[in-house]
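Student: Please take one helix of this chain and go through it closely. I would like to know how its faces differ and what lies around it.

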Amino acid sequence: MSPRFFNKRRSYPRRIRPFRGQHWNASYMVRRMALYVMIGFFSLLTLASVFSYVQAQFNLTSETLKKWTNHMSVHTFIAALTVEIPQLQTYNKSAQVDLPKVSNIVVEMATSLNPEDPRTLIRREIPGFAFFDGELIVAGQGVTYADISYESSPPLDVVLAEREAITAALEEEERDEAPSQQPSLSTEGRKVVFIYHTHNRESWMPHVPSASTPDEAFHPEINITKVGLRLGEELERRGIGVQVDTTDIGQLLSEAGLPYNYSYAKSRHIVETAIQENEDITFMFDLHRDAVSRESTTFEMDGKTYARPFFVIGKRNPDYQKNVRFAEELNHLLEERYPGLSRGIMARNRGNAEYNQSISEHNVLIEIGGVENTLEESYRTAEILAEVIADLYWEKAGVPAQ
């Protein structure tokens, strides 16, 4: 080939390579932009097709996402948020939040197994295991995971069913009125404690003889609200102003056509209304009775039997560790004065597992005894609880315990 031919080949590429040379070709730019538009169009079309396919195949709804994430722990979510919000690291340190390792989070997300919790290996394999799937933060005397508290959740029509209750003996169980004494300390009319009952119809099998199972031990009058009223009376005797709510939540659910597991939604409205109307409320207690057997919930002291209290914390509350510390303070006072009475403190991550405790760090659920205890035994425990609650209140108020 002649030198002229090579010169022509060298000069042609310079006109169509804009990044190497100084001459931008208009037609080249148009073609390039058209190419980008086509790529973008087909990319969007592909993404839309993939999303539609995934949604159709996996039914990608909020309910589905809830099921996918239901097995994940609160700490896993906090760890994920901490990655995006670095300021949370300061909060985690001050609140003493122990975050899981990244490798454990990946394993948990992929397999539903938590390497730090061996129970996740058998949770789905043993029917009914979820009922006992709580964490014993403080185990009371003789308490093991076999004695752990669980919530019975019968259908609402079973809860509301008409049943006869033994009421004749209740008059004998009423407290002997002690001589009225003026308490040395007083909140001077301020109602600083709020007592409510999410499962207000929880009763006891000895008082409802027609109940053959714990799921049938419910009554509209002889129920846990009587214990709440007794606790309120005992606190008032110690100078603590109390507001006791006895709303029939079961009846509210029936009127609204809602199932029993909406009980906490109803009680949340009650609690929020109470604190909006009374800014003096400091402590809140949601009283229940447990569904486990008498052997696990009864304590004998000085020849008398007591319904053992169990403090329950919901781990679905992001700040649940603050509520744990409040429960630990109460439990410590109980153990110091009445060793062996308390069943301890447990945390749940199943079911509702929030228990309106995100409203206040001084809100705790207390299971007072079980379904086979009696009202008299529950009254005795309420009197002791009033003693430690009052002393803790005065301690936090800066007044020495009496």
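Tutor: What follows is a look at helix α11 and its surroundings. The model is predicted, so local features need pLDDT of at least 70 and side-chain atom pairs count only at pLDDT 80 or more, while totals for chains, interfaces and linings use all residues. Residues are numbered from 1 along each chain as its sequence is written, and side-chain values use heavy atoms, with hydrogens and water left out.

The chain has 14 helices and 9 strands; these are DSSP runs numbered from the N terminus, helices being H or I of at least four residues and strands E of at least two. Helix α11 covers residues 263-277, 15 residues in total. From its first C-alpha to its last it reaches 22 Å, close to the 21 Å expected at 1.5 Å a residue; the expected span is 1.5 Å times one less than the number of residues.

Buried in α11 are Ser-263, Tyr-264, Ser-267, Ile-270, Val-271 and Ala-274. Here buried means under 20% relative accessible area, exposed over 50%, and partly exposed in between, with a 1.4 Å probe and protein chains only. The buried residues are on the same side of α11 because they cover an arc of only 115° around the axis, the arc being that of the directions from the helix axis to the C-beta atoms. His-269, Gln-276 and Glu-277, on the other side of α11, are exposed.

The buried residues of α11 pack against β2, β3, α10 (249-256), β4 (283-290) and β9 (363-370), where a contact means heavy atoms within 4.5 Å. Two of these neighbours, β2 (residues 191-196) and β3 (residues 241-244), pair in the parallel sense over 4 bridges; pairing requires that DSSP finds at least two bridges between the strands. Gly-241 in β3 is the bridge partner of Lys-191. Together with helix α9 (residues 224-237), β2 and β3 make a right-handed β-α-β unit. Right-handed means that, with the strands pointing away from the viewer, the path from the first strand over the helix to the second runs clockwise.

The largest nonpolar core has 48 residues, and Leu-235 and Phe-285 have the most contacts inside it. Such a core is a set of buried Ala, Val, Leu, Ile, Met, Phe, Trp, Tyr and Cys residues joined through side-chain atoms within 4.5 Å. A second, separate core of 13 residues includes Ile-270 and Val-271, along with Phe-218 and Ile-249. Ile-270 and Val-271 are also among the buried residues of α11.
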